[in-house]
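Please open the model in your viewer and keep the selection tool at hand. The tour moves from one selection to the next, and each stop says what to look for.

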Amino acid sequence: MPLNPVRRVSLAHDITDQLSRAIVSGDFPAGTLLSEPMLARRLGVSRAPVREALIELSSRGMVEFDERGRSRVPSLGHDDLVDILGIRMAIEPLAAALAAARRDAMAIAELERNLDATRAATSAAELAACDSAFHSGIVRAGGSRRSEEHTSELQSHSDLVCRLLLEKK
């Protein structure tokens, strides 16, 4: 996935989103050095918003800094996935209960479309995307902004760890 120049609304936020997607999709495999100057050139921005984005991604566990301040995509494994899924299992039942209580027709229709897409999936990547969208849809249907924020970050971690584990096979 190529990195595209970003719009000048919230550079650090846009860069964070682009880099997160690139990491999860495998464009930057585990261990890849994420050079600020290189990323700034590719994105068409200065180094400051790139640094800010890398710091944000570090706080999400999607980038790690070494003792010299260089950033890279971390190598994560089975234990990381177990941790992440354990946290999701603590949060998602509450979201599902909230969604059931709200009974939002549009949210239910979205989840039904997702189930249809899941049934039609023909690859592991499609199935993983449907699974991610389904869990996000349940949380969104619950109507809790904070639950959405936390599970969105956890979903990115889950997607990243699953991709890294699949790479090892």
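The stops below begin with confidence, go on to helix packing, and end with two single residues.

Start by colouring the chain by pLDDT, since this is a predicted model. The chain has a mean pLDDT of 84, with 91% of its residues at 70 or more. Select helix α7, residues 145–168, where confidence is lowest in the chain at a mean of 72, and then strand β2, residues 71–72, where it is highest at 96.

Next, select helix α1 (residues 11–25) together with helix α3 (residues 47–59), whose axes come within 8 Å and cross at roughly 55 degrees. The two helices, α1 and α3, are therefore oblique to each other, and their crossing is right-handed. To see the contact itself, show the side chains of L11, A12, I15, T16, L19, S20 and I23 on α1, and those of P49, V50, E52, A53, L54, E56 and L57 on α3. Sorted by class, this contact of α1 with α3 holds 10 nonpolar, two polar and two charged residues.

Keep α3 on screen and add helix α2, residues 36–43, which packs against α3 at an angle of about 115 degrees with the axes 9 Å apart. That angle makes α2 roughly perpendicular to α3, and α2 passes α3 in a right-handed crossing. Here the residues to display are E36, P37, L39, A40 and L43 of α2, with R47, V50, R51 and L54 of α3. By class, the contact of α2 with α3 has six nonpolar and three charged residues, and no polar ones.

Now return to strand β2 and select S71, which lies in it. Is S71 buried or exposed? Its relative accessible area is 3%, so S71 counts as buried, the cut-off being under 20%. Leaving aside residues up to four places away in sequence, S71 touches T32, L33, L34, L54, V63, E64 and F65. One of these, L54, also belongs to the α3 side of the contact with α1 and of the contact with α2.

For the last stop, select R103, in the loop between α4 (78–102) and α5 (105–120). Most residues other than glycine have a negative phi. At R103, however, phi is positive, near 50 degrees, although the residue is not glycine. With the surface shown, R103 should appear exposed, as its relative accessible area is 64%.

Technical notes: Residues numbered from 1 in each chain as written. Predicted model: local features only at pLDDT ≥ 70, side-chain atom pairs only at ≥ 80, totals over all residues. Heavy atoms only, no water. Axes fitted to C-alpha atoms, helices over the stretch in contact; angles between N-to-C directions. Helix = DSSP H or I, 4+ residues; strand = E, 2+ residues; numbered from the N terminus. Parallel < 35°, antiparallel > 145°, perpendicular 65-115°, else oblique. Left-handed = near helix turned anticlockwise from the far one by under 90°. Contact = heavy atoms within 4.5 Å. Nonpolar A, V, L, I, M, F, W, Y, C, P; charged D, E, K, R; others polar. pLDDT = per-residue confidence, 0-100. Buried < 20%, exposed > 50% of the residue type's maximum accessible area, 1.4 Å probe, protein only.
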